[in-house]
Structure formats: C-alpha cells, structure tokens
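Subject: Structure for you to look at

Dear colleague,

I am handing over the structure below, together with some notes on what came out of going through it. Please read the notes with the structure open beside them.

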Amino acid sequence: MGQAEGLAPVKRRVLDLYPCQGGAARGYQNAGAVVFGVDIEPQPRYCGEGFCVADAIDFVRRNVDWIREAFHFVHASPPCQFDSDCQRIMKNDHPDLIGPTREALELTGLPYVIENVRGAIPKLRDPVELCGTMFGLRTYRHRYFETGGWTLTPPAHPKHTAPQAKMGRAPKPGEFISPVGNFSGVQLVREDWNVPWMNRDGIREAIPPAYAEYIGRQFLAQAAADAA
Ligand SMILES: C[S@@+](CC[C@H](N)C(=O)[O-])C[C@H]1O[C@@H](n2cnc3c(N)ncnc32)[C@H](O)[C@@H]1O
C-alpha cells in the first residue's frame, strides 16, 4: 500500500497571533493549513479552526513546549492602529509589541512571520513588502513581513496605475480602494479579497488572504525542499 493510500494528508498547523477576524488565517487555510488564533478580544467572526482569548505574548511564553510540538509555523500581526502615525502613537503610551513578540517567538524556535505597517519598518528585520496589486486585487495595501527561520521572496510589484477612490466616497468603476478608517466599499472589498464573513472593522485591520496564502505556499515549498 502506498504511503498516502487510505490516509488523509497531514495538515500543517499555523499559530495565528493577533488574528482579529482572520484575513491571514483564511490565507493559510487556502494554502492547506489549519489555524489556531490567539486574540486579546473575543472574535466571533474569526474563521480559523481554533481560537483562544489571551494576551498573545503571555500565551506564547506560558506554552512554549506545547507550541513547539503542536505547530509548524507562527504568524503574528501585532496591532498598530494608524499606519504612518504608528511611531507617534507608540510614544503616546501604546505598547511596542513587535520586539516582545519576536522574543517570544524565538523561544519556540519555530519559523515565523511578523506582519506590520509602513510606520513599523524600522522595528522589523529586513521586511518584505507585499501589495494587493501583486495578487491581482483592486486594493492598494502595503504590508511588511519579517521572517524568522526561512526566507520570503516577493512577487513582482506592478505599478499603481489605477486611480484610488477618494476616502469616504463609493469607488467608481476602475478605481482601487485603500480600506482604512471609515472607508466606503465594504462589499467590494469582501468580493475582491473573498472575505464574505468580514465586516468593516475586520477588513480595516486585515491583510488580504492572498498575502498569507502566498506566504504559506512559499514556506511549505521551502520546508519540502529542506526535507528532501
Ligand atoms: C491588526 S489586527 C490583526 C489582523 C489579522 N492579522 C488579519 O489579517 O485579519 C490586530 C489584532 O490584535 C489584537 N490584539 C491587540 N493586542 C493584543 C494582545 N496583547 N494579544 C493578543 N491580541 C491582541 C486586536 O484585538 C486585533 O484583533
């Protein structure tokens, strides 16, 4: 009997820290993983297979051995509410969670990605930029990804040629959206990103699943090559 006959393929397991409604989670699911989220707030819309309410860093520190055994990969999206104002806000007593998150992840020894916004670039190590245009989306959204224990190579970045819809106005045909703040066009983004369960609050915080699917597939390809 061949190895795979009669057996379900082994699913990769991703620990999803700071998951909100699950933009990243859905991407890893699309790449073939099961996903467990840890958020400080209840997230009834979260789309992962498992979920726990806890402080993410505290959760990792308390469960290092279990995490090392139970998961293959960790995704972390520590919050930074206002893109370019990130650093100013942090000076106003918002905690800097990137460094402590990295320290906690390094305790596990697992490969990881830490995602954040442009304002956090100085805090990230050699971040890789991803944008909606790389995945054929009608969304301009730059996000930055630090990797630990593996290497992420981005796709080509097409020029931003489509006009961007004005903030608060319904997008006209052919316009792209930047879904921040009180943006208009929630249904359009739901369709563009394929996130029908998300509301405006979740979309505002999320990465499009296409980003995490790309990350997940690239990580799996490297893991398979390393194991061969
Ligand atoms: C930027 S959102 C994450 C978006 C998500 N990666 C996605 O793609 O949909 C940040 C999330 O971190 C959560 N959060 C904030 N502080 C936290 C903490 N100390 N521990 C765990 N979660 C936290 C917030 O409730 C929020 O849901």
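Which residues are exposed on the other side of helix 5? They are Gly 99 and Glu 103, and the rest of that helix is a good place to begin, with the caution that this is a predicted model.

In helix 5, which spans residues 98-108, the buried residues are Ile 98, Thr 101, Ala 104, Leu 105 and Thr 108. Because these residues cover an arc of only 130° around the axis, they sit on the same side of helix 5. As general background, an α-helix has 3.6 residues a turn, so residues three or four places apart point the same way. The partners against which the buried residues of helix 5 pack are strand 1 (12-17), helix 2 (56-62), helix 3 (64-70), strand 4 (73-76), strand 5 (112-116) and strand 7 (143-148). After helix 5 comes Gly 109, with a positive phi near 75°.

For the wider setting, the protein has 8 helices and 7 strands, and 39% of its 228 residues are buried. Among the contacts in the protein with a separation of 6 or more, 57% are between residues 24 or more positions apart.

Turning to the ligand, there are 18 residues around it, of which Tyr 18, Cys 20, Gly 23, Ser 77 and Ala 206 come nearest. Two elements, helix 1 (23-30) and strand 2 (33-39), give two or more residues to this shell. Sorted by class, the shell around the ligand holds 10 nonpolar, 4 polar and 4 charged residues.

Two backbone angles may deserve a check on your side. Tyr 18, which is among the residues that come nearest to the ligand, has a positive phi of about 60° although it is not a glycine; Tyr 18 is placed in the loop between strand 1 and helix 1. Tyr 18 counts as buried because it has 21 C-beta neighbours inside 10 Å, where the cut-off for a buried residue is 20 or more. Asn 194, also a residue other than glycine, has a positive phi near 60°, and lies in the loop between helix 6 (186-193) and helix 7 (200-205). With 13 other C-beta atoms within 10 Å, Asn 194 is partly exposed, since a residue would need 12 or fewer to count as exposed.

With best regards

Definitions and conventions. Residues are numbered from 1 along each chain as its sequence is written. This is a predicted model: local features need pLDDT of at least 70, side-chain atom pairs count only at pLDDT 80 or more; totals for chains, interfaces and linings use all residues. A residue is near a molecule or strand if its C-beta atom, placed from the backbone, lies within 6 Å of it. Helices (H or I, at least four residues) and strands (E, at least two) are DSSP runs, numbered from the N terminus. Ala, Val, Leu, Ile, Met, Phe, Trp, Tyr, Cys and Pro count as nonpolar, Asp, Glu, Lys and Arg as charged, and the others, Gly among them, as polar. Two residues are in contact if their C-beta atoms, placed from the backbone, lie within 7 Å. The arc is that of the directions from the helix axis to the C-beta atoms.
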